[in-house]
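This report looks at one region of a predicted model. The text starts with packing and then turns to a helix and a charged residue.

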Amino acid sequence: MKKEIKQKFENIKGLIGNTPLVEIKYSFKGKIGKVYAKLEWYNLTGSIKDRVAYQILFDAYKFGHINSDSTVYEITSGNMGISLSAICNLLGNKCEILMPKNMSEERKKIITLYGAKLNLVENFDEGFKLCKKLEKQGKFIAHQFENESNFFAHYSTTGKEIYDKLKTRKLNAFVAGVGTSGTLSGVGTFLKEHKKVKVVGIEPQNAQILSKNPPYSKHKLQGLSDEILPKLYDEKLIDDIIQINDDDAIAMSQKLAKELSLGAGISSGANFLGCVLFGGNCATTFADSNKKYLSTDLSHPITTKLVDDIKLLSIKSL
């Protein structure tokens with residue numbers, strides 16, 4: 001890796017990771033529990049995907065897969081596209097993002113604001129096919145759904161950061177939704193090795209891809225169950241799978257903002273609910289903030305019995 005590029009990566013590295021971890025105390029059905037949540041919107045572009053984009057690009061340069069003249073391509077539901085766009089911009093690489101057209105308008109606009117080219121597709125299936133075609137032409141595809149750099153990013157940073165904060169505390173499980181499965185597999189593996197916790201996957205009730213229970217309908221948990229079972233998903237690692245209803249996730253996200261001033265995205269609401277339904281003391285990630293969902297149902301007041309039954313008692317940073 002050239003000295004100039006290495007220095008650019010060093011400059012970017014300080015803007016990613018070491019995000020705050022908060023302890024949220026709650027009561028549900030007469031029981032008290034704690035959720036330890038990583039606030040990933042403190043990363044460079046406001047999501048957990050900054051960790052992955054950085055690692056994928058760093059490794060691509062390190063192993064000679066790309067250089068300063070390369071264009072980076074990827075199919076994404078949004079956050080990964082935003083992260084790649086921003087980091088490629090800082091590295092001096094061109095970036096082209098493929099994204100299903102039903103994703104939030106905020107994501108589409110942010111990608112172009114970072115200087116990337118956005119190509120909208122009908123769905124993930126079309127996007128994956130286009131990526132295969134581009135790869136045959138010699139183009140570099142980030143391949144977040146199968147790239148081991150995705151796993152390593154979370155194993156070496158997110159997982160370690162959570163462990164360092166919680167190594168002396170009781171922890172029953174790590175809970176996370178599955179899009180690429182990088183977070184669940186990477187963090188889950190690290191915490192299982194060091195704290196012997198359970199690993200719990202979250203999936204939309206309408207798209208039970210992890211449970212292999214078709215049909216897979218459309219859902220509102222953007223970033224989860226992106227129409228495929230990712231190659232990074234490790235069934236042997238998983239101890240339990242919990243399905244989350246769209247409205248419950250949205251209502252939970254709204255409640256976190258209204259009562260604790262945590263502007264968490266919809267998938268974060270789903271992750272929190274997964275922790276509550278599993279019970280005990282659980283760690284999770286709040287992958288991004290609510291700002292990318294203002295044009296979605298997150299802006300419309302929703303109440304559900306499940307969320308109403310959860311009492312948020314306190315919050316503190318660790």
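Phe272 touches Ile24, Tyr26, Val35, Met252, Leu256, Phe286, Ile310 and Leu312, leaving out residues up to four places away in sequence. Phe272 also belongs to the largest nonpolar core, which has 38 residues. Phe272 is one of the residues with the most contacts inside that core, along with Ile24, Leu256, Phe286, Ile310 and Leu312. A second, separate core has 37 residues.

| Nonpolar core | Residues | Members include |
|---|---|---|
| Largest | 38 residues | Ile24, Leu256, Phe272, Phe286, Ile310, Leu312 |
| Second | 37 residues | Ile56, Ile66, Phe124, Ala142 |

In soluble globular proteins, nonpolar side chains tend to be buried together.

Now the helix H9, residues 266–278. Among its buried residues are Phe272, Leu273, Cys275 and Val276. Polar residues are on that list too, including Ser267, Ser268 and Asn271. In total, 11 of the 13 residues of H9 are buried, so the rest of the structure largely encloses the helix. What span should H9 have at 1.5 Å a residue? The expected value is 18 Å, and the end C-alpha atoms lie 19 Å apart, which agrees. Just after H9, Gly279 adopts a positive phi of about 95°.

Leu273 of H9 is also a contact of Asp248. Asp248 sits in helix H8, residues 246–260. Its other contacts beyond four places in sequence are Thr304, Leu306 and Val307. Asp248 is buried but has no salt bridge. The nearest side chain of opposite charge is Lys305, 10 Å away. What joins the side chains of Asp248 and Thr304? A polar contact of 2.7 Å does.

Technical notes. Residues numbered from 1 in each chain as written. Predicted model: local features only at pLDDT ≥ 70, side-chain atom pairs only at ≥ 80, totals over all residues. Heavy atoms only, no water. Helix = DSSP H or I, 4+ residues; strand = E, 2+ residues; numbered from the N terminus. Buried < 20%, exposed > 50% of the residue type's maximum accessible area, 1.4 Å probe, protein only. Lys, Arg positive; Asp, Glu negative; His and termini not counted. Salt bridge = Lys/Arg side-chain N within 4 Å of Asp/Glu carboxyl O. Polar contact = N/O pair within 3.5 Å; in protein donor to acceptor, adjacent residues only side chain to side chain. Contact = heavy atoms within 4.5 Å. Core = buried A, V, L, I, M, F, W, Y, C linked by side-chain atoms within 4.5 Å. Expected span 1.5 Å × (residues − 1).
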